[in-house]
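User: I'd love a close look at one part of this model, a pair of packed helices, and then a view of what surrounds it. Could you walk me through it?

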Amino acid sequence: MKKHLFIAALCAFTAVSVLAGTFSAAAEEPAQVLNVYRNNEPATLDRVAPTIDEAGKYILNDTMEPLFRIQEGKTVEAGCESYEYDEETMTYTFTLRDNQWEDGVPVTAADYLYSFQRMVDPNTAYGYVSDLYCIENAEAINAGEMDVSELGVTAPDDKTLVVTLDEVTPAFLQVVPMFPQRQDFVESCGDSYGIDADKFLSCGPFRMTGWEHNSYIDLVKNDSYWDADNVKLQEVHVALTNDANTLYTSMLNGTLDYMETSKAEYVDEFKTMEDMTVTDIVKPTLGFIVFNCEDEVLSNVKVRQAISLAVQRELFTEVIYSGVAVPAYGLLSPAIGLNGVSFRDVAEEPLRAFAEEAGDPKELLIEGLTELGMDPDPSKLELTISQGSTTESANNQMAIFQQCIQDTLGITIVPDSTEWATFWNDCKAGDFQMGYLAWSGEVDISFLFNLFLSDSAQMPCFYYTDEYDEIVNKANRSTDDEERFQLYSEAEKMIVVDNCQIVPVYYQVTEGVLRSKVKGWDYNVFSTMGNKGVYIEE
Amino acid sequence: MAKYIVKRVLYMFFVLLIVTTITYFLMHNIPGDPLTALVMRLPEQTKANYYAKYGLDKPVWEQFLLFLKGIFTEGTMGESIRYPGRMVTNMIRRYSASSGLIGGIAIGAGFLIGTMFGVISALKKDKLPDKILSLIAIFGVSIPVFVVASVLQFVLTATFPILPTMGWGEPKHTVLPILCMSLSPLATYTRYMRSSVLDVVNQDYITMAEAKGMSFGMIVRRHILRNSILPSLTILGPNIADVFTGSFIIESIFSIPGLGSYYMTSVTDRDFPMIIGCTIFYTAIYILSLLIVDILYVLIDPRIRLGNRE
Amino acid sequence: MNQTNLSDDLFIIEGCSAAEGDKIGRPQTTYWKDAWRRLRQNRLALLALVLLIVIIFFTIFGPSICGYSFEQMSSDMNKAPSAKHWFGTDSLGRDLFARVWIGGRVSVIIGVVGAVITTIVGAIYGSISAFAGGKVDSVMMRIVEIISSIPYLIVIILLSLMINDSGITSILLALCLVGWCPTARLVRGQILQLASAEYVTAARVLGVSSWKIITRHMIPNTMSVIIVNLTFRIPGYIFSESFLSYVGLGIKTPNTSWGMLASAAQQNMFFYPYQMLFPALMIGLTMLSFTVFGDGLRDALDPKLRR
């Protein structure tokens with residue numbers, strides 16, 4: 001009954017908006033205004049600050065001009081017109097375009113140099129500084145042993161930037177953010193650079209005209225941008241909200257032109273609407289359970305493997321994501337790859353083969369318990385799964401793990417949900433048994449593998465092997481794509497099967513709902529093209 | 001009166017100091033710190049630098065003394081850790097304005113309309129207006145605010161698109177949030193007013209006023225309102241403070257740049273300076289509103305004198 | 001004014017026997033019997049009481065009536081209320097009838113136990129403060145003042161993070177640690193007011209012993225205030241719990257509460273309104289019943305109305 005009323009209201013509304021649309025369209029060109037949203041307030045727009053987040057990077061794609069952008073998984077020149085790489089000296093020479101800041105001052109090589117120096121400066125505390133250690137002297141500077149002026153980056157003239165590496169790094173252009181920052185402006189803002197509209201200077205396709213914290217960000221076309229002729233949008237309005245009902249209502253009434261959701265109810269509804277386009281977007285994110293391998297019971301690999309096999313991934317994705325997410329039997333999602341080739345197209349998921357040959361997980365568990373010298377009766381075993389989220393969906397996910405593992409292995413599973421900081425604090429301290437979390441990969445394929453390296457020890461599995469380190473380090477240095485794929489697939493097998501440090505559960509897939517009048521949308525998850533190529537056409 | 005107010009304000013600073021101390025040590029005892037909540041990939045050295053920058057490497061009592069020193073010598077509560085570059089005092093000043101605007105109007109409207117409803121309800125006891133108003137009051141207190149907000153938002157922006165869905169800056173953006181936030185105070189004051197008016201109407205002096213031939217409107221204004229509004233005033237104080245913290249749900253649904261959401265997220269982010277700054281702010285608001293209510297008491301009821309209200 | 005002539009024949013002598021002159025117009029009853037009699041006359045309060053009893057009955061026996069376990073998932077996901085599932089099912093196919101009553105158990109326990117504990121603590125604290133008087137009293141009251149000036153939400157959140165266990169205990173403890181202050185203040189005020197009341201002074205002058213004054217006057221008159229306060233505080237705790245659940249700091253899975261069910265349903269409320277309706281209705285009904293019943297109780301226990 002209620003549903004019918006609701007649909008009727010919806011139809012009426014759509015009819016009105018369609019009518020309104022036809023009248024206004026007949027009169028003039030469609031307004032080149034795009035309404036999008038971000039889930040949270042950007043903590044900063046200073047690209048090298050330790051708090052830079054996804055929302056901040058999103059705004060920077062539109063308001064800044066890095067040397068390179070990523071399109072379809074490949075790097076394309078943006079702020080740089082061309083570049084040369086000398087393998088002998090391991091030197092990159094970048095030639096810049098004639099671009100200007102929004103106040104008319106030309107963008108020079110010194111601006112890029114300045115941001116490089118800030119990134120390695122230990123006082124900046126840039127979070128991903130280890131990506132820059134491949135640059136000459138970067139590590140020493142970051143350790144406070146050298147002055148930033150000794151960094152292997154120079155600007156011989158206004159249009160040329162030279163970067164000297166001290167080790168071969170195939171992913172250099174992809175992982176190092178090369179954004180310009182103007183020294184005089186940054187210094188005039190002091191600590192508050194990048195936290196307000198008037199504390200920020202654009203040189204990208206758009207400039208920022210308003211930033212109401214926790215509410216919205218307004219961008220308008222930047223006429224002094226070098227490629228302004230190809231930017232069609234006049235305005236981009238970025239709402240800052242994460243309330244699911246607000247987003248849904250906003251899509252219905254036209255407040256937003258795009259939303260991402262994994263809710264089947266929303267998707268089914270939007271699919272029936274003619275002015276909406278719904279697209280699957282495979283994310284580089286893996287949802288997984290990490291084992292604390294120092295735990296008495298979980299120190300045995302067979303116990304870990306048995307639990308991994310007991311998780312019914314198909315059931316999980318069906319119930320939680322209505323079949324939209326992809327069941328995961330490996331580490332890397334299909335979104336991740338090398339130079340436009342997906343890793344999953346080349347490498348089989350290692351857990352699939354293992355699941356077929358391993359047989360009954362319960363027997364594997366009993367074997368493991370016997371090896372440990374413990375009571376082999378599974379019903380006496382109790383294990384806790386913790387997670388750092390208390391949302392309804394997170395709770396449901398735990399309920400499914402609990403049911404699957406209990407039914408298959410006959411052990412008792414205790415779910416424990418706390419808020420993130422408490423959970424992560426426990427994980428790092430090793431005060432947990434199994435931790436359920438999700439981690440996103442980056443455009444650089446090595447990102448997720450590096451988490452398991454013993455010297456980074458990012459993943460709280462407390463089990464790191466030299467063999468694994470060797471393979472991954474070799475892969476990271478290799479320039480041959482085929483060899484890298486081969487090495488990474490060996491490393492992946494170690495993580496999910498041989499050492500079984502984690503239980504991969506699902507690769508995240510969301511649905512992008514776009515108003516059909518918006519054209520030129522780039523769905524690629526790693527794209528840093530921003531809204532430069534987007535336009536409205538009714 | 002001036003002497004009394006000065007005394008109360010001085011006492012307020014004493015209470016603030018103690019509340020700050022309690023909260024400070026409480027908050028340093030919860031698991032996790034700003035860095036666990038925030039970044040995960042910092043090298044050890046950088047991490048140490050970062051802790052040093054915010055003084056987190058020092059023992060808690062020393063941090064506390066430094067914090068007090070900052071307040072008394074420079075009037076600063078430090079820099080937010082979650083949002084570096086933003087000073088806590090600036091953030092509070094900026095965001096409390098929008099929270100205050102929405103909350104203030106909502107409470108004000110709730111108080112005025114609630115008082116009116118309460119009087120009507122009591123005077124028409126057990127008749128239709130009383131029943132309708134009581135029903136409204138029941139809904140106002142018993143439906144969770146996130147339900148009301150989402151439903152109203154849907155109805156007034158999608159079914160009948162007359163208001164903006166979210167945002168901030170123009171008067172039209174404040175309508176929906178104020179509407180949602182005023183429901184609960186409206187209901188509370190209706191209830192309080194109704195019962196205290198019922199107490200008053202049976203008093204002898206009302207009969208006396210009637211006997212003297214005083215007009216009905218006069219009786220309501222002169223006697224009933226004055227005598228029955230005191231219980232409502234008592235809860236006005238705590239209510240004002242509640243509006244600031246409780247506004248968090250409304251702020252997140254309507255994307256309002258208010259202080260409530262910062263306060264909530266500062267806890268999950270372990271943003272220590274922000275937690276303590278907001279706590280001081282809210283405590284001060286609470287104590288001040290109690291003081292204002294006390295002064296209002298005197299203005300309304302001549303029997304009460306400042307300083308000896310028990 | 002009209003003055004009518006009254007003649008003797010307008011009056012009839014009804015008579016009055018000497019024996020009846022001594023009789024008291026109303027049978028002697030105890031305070032509680034009297035209160036119960038007056039409460040029974042208040043139909044609305046009685047209805048609220050019945051409703052409360054029904055709700056409590058269902059929170060105890062409801063989950064076993066429907067024949068489903070509140071944790072058991074099934075393939076009937078997001079089904080509307082039907083003969084099979086009386087309140088429908090949630091996104092994991094769990095029966096909502098069972099879940100609503102299991103959740104009610106937690107909510108009602110938090111409400112009742114929280115209110116009882118804080119009332120007892122507050123009453124003891126308040127009466128000690130009132131009887132001690134002087135410096136002790138003013139120090140004790142300053143402590144109450146300080147505790148109640150801390151923004152109470154932040155205290156609850158910080159405490160529940162600090163305690164961090166999965167049961168009701170942490171929430172109860174957090175709610176109780178700050179919740180006793182208003183009751184303490186109320187009880188102290190009431191006792192002080194009574195101590196200076198004219199009939200207490202009169203009793204003292206007449207030579208009634210202190211013990212008798214306490215048992216006859218102080219306790220009954222304070223009890224009523226305390227009990228009424230108790231019924232008003234229960235809904236407050238139920239509501240606080242639902243707010244904590246909304247923030248994600250409420251009770252933990254697999255346990256559930258009305259607040260948890262409501263905030264979970266919020267995500268899908270436009271598609272499955274019934275998932276929201278039942279828990280929200282229960283919160284509303286319970287809060288309403290306690291308030292109405294409290295109102296009735298106040299009227300019934302108020303010695304001023306004792307006629």
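At what angle do H5(C) and H6(C) pack, and how far apart are their axes?

Analyst: Happy to. This is a predicted model, with local features needing pLDDT of at least 70, side-chain atom pairs pLDDT 80 or more, and totals for chains, interfaces and linings using all residues. Residues count from 1 along each chain as written, with chains lettered from A and ligands numbered from 1 in written order.

H5(C) and H6(C) pack at about 145°, and their axes are 9 Å apart (lines fitted to C-alpha atoms over the stretch in contact, with angles from 0 to 180 degrees between N-to-C directions). The crossing of H5(C) past H6(C) is right-handed (the near helix turned clockwise from the far one by less than a right angle).

On the H5(C) side, the contact (C-beta atoms, placed from the backbone, within 7 Å) is made by C:Tyr152, C:Val155, C:Ile156, C:Leu159, C:Ser160 and C:Ile163. H6(C) answers with C:Ser170, C:Ile171, C:Leu173, C:Ala174, C:Leu175, C:Leu177 and C:Val178. By class, this contact has 11 nonpolar residues, two polar ones and no charged ones (Ala, Val, Leu, Ile, Met, Phe, Trp, Tyr, Cys and Pro are nonpolar, Asp, Glu, Lys and Arg charged, the others polar).

Now for the neighbouring chain. The contact between chains C and B takes 26 residues from chain C and 29 residues from chain B. Both helices of our pair, H5 (152-163) and H6 (168-195), are among the elements of chain C that give two or more residues to the side touching chain B. Helix H4 (134-149), helix H8 (210-247), helix H9 (258-266) and helix H10 (273-301) of chain C do so too. That side of chain C divides into 20 nonpolar residues, five polar and one charged.

Chain B also touches chain A, in a contact that takes 43 residues from chain A and 39 residues from chain B. Helix H1 (2-27), strand E10 (235-240), helix H7 (244-253) and helix H15 (420-428) of chain A each supply at least two residues to the side touching chain B. Here the residues of chain A divide into 19 nonpolar, 19 polar and five charged.

As for chain A itself, it has 18 helices and 21 strands (DSSP runs, helices H or I of at least four residues, strands E of at least two). Its C-alpha atoms fill a box of roughly 75 × 70 × 40 Å along the principal axes. Among contacts in chain A between residues at least 6 apart in sequence, 67% join residues at least 24 apart.

Terms used
Contact = placed C-beta atoms within 7 Å.
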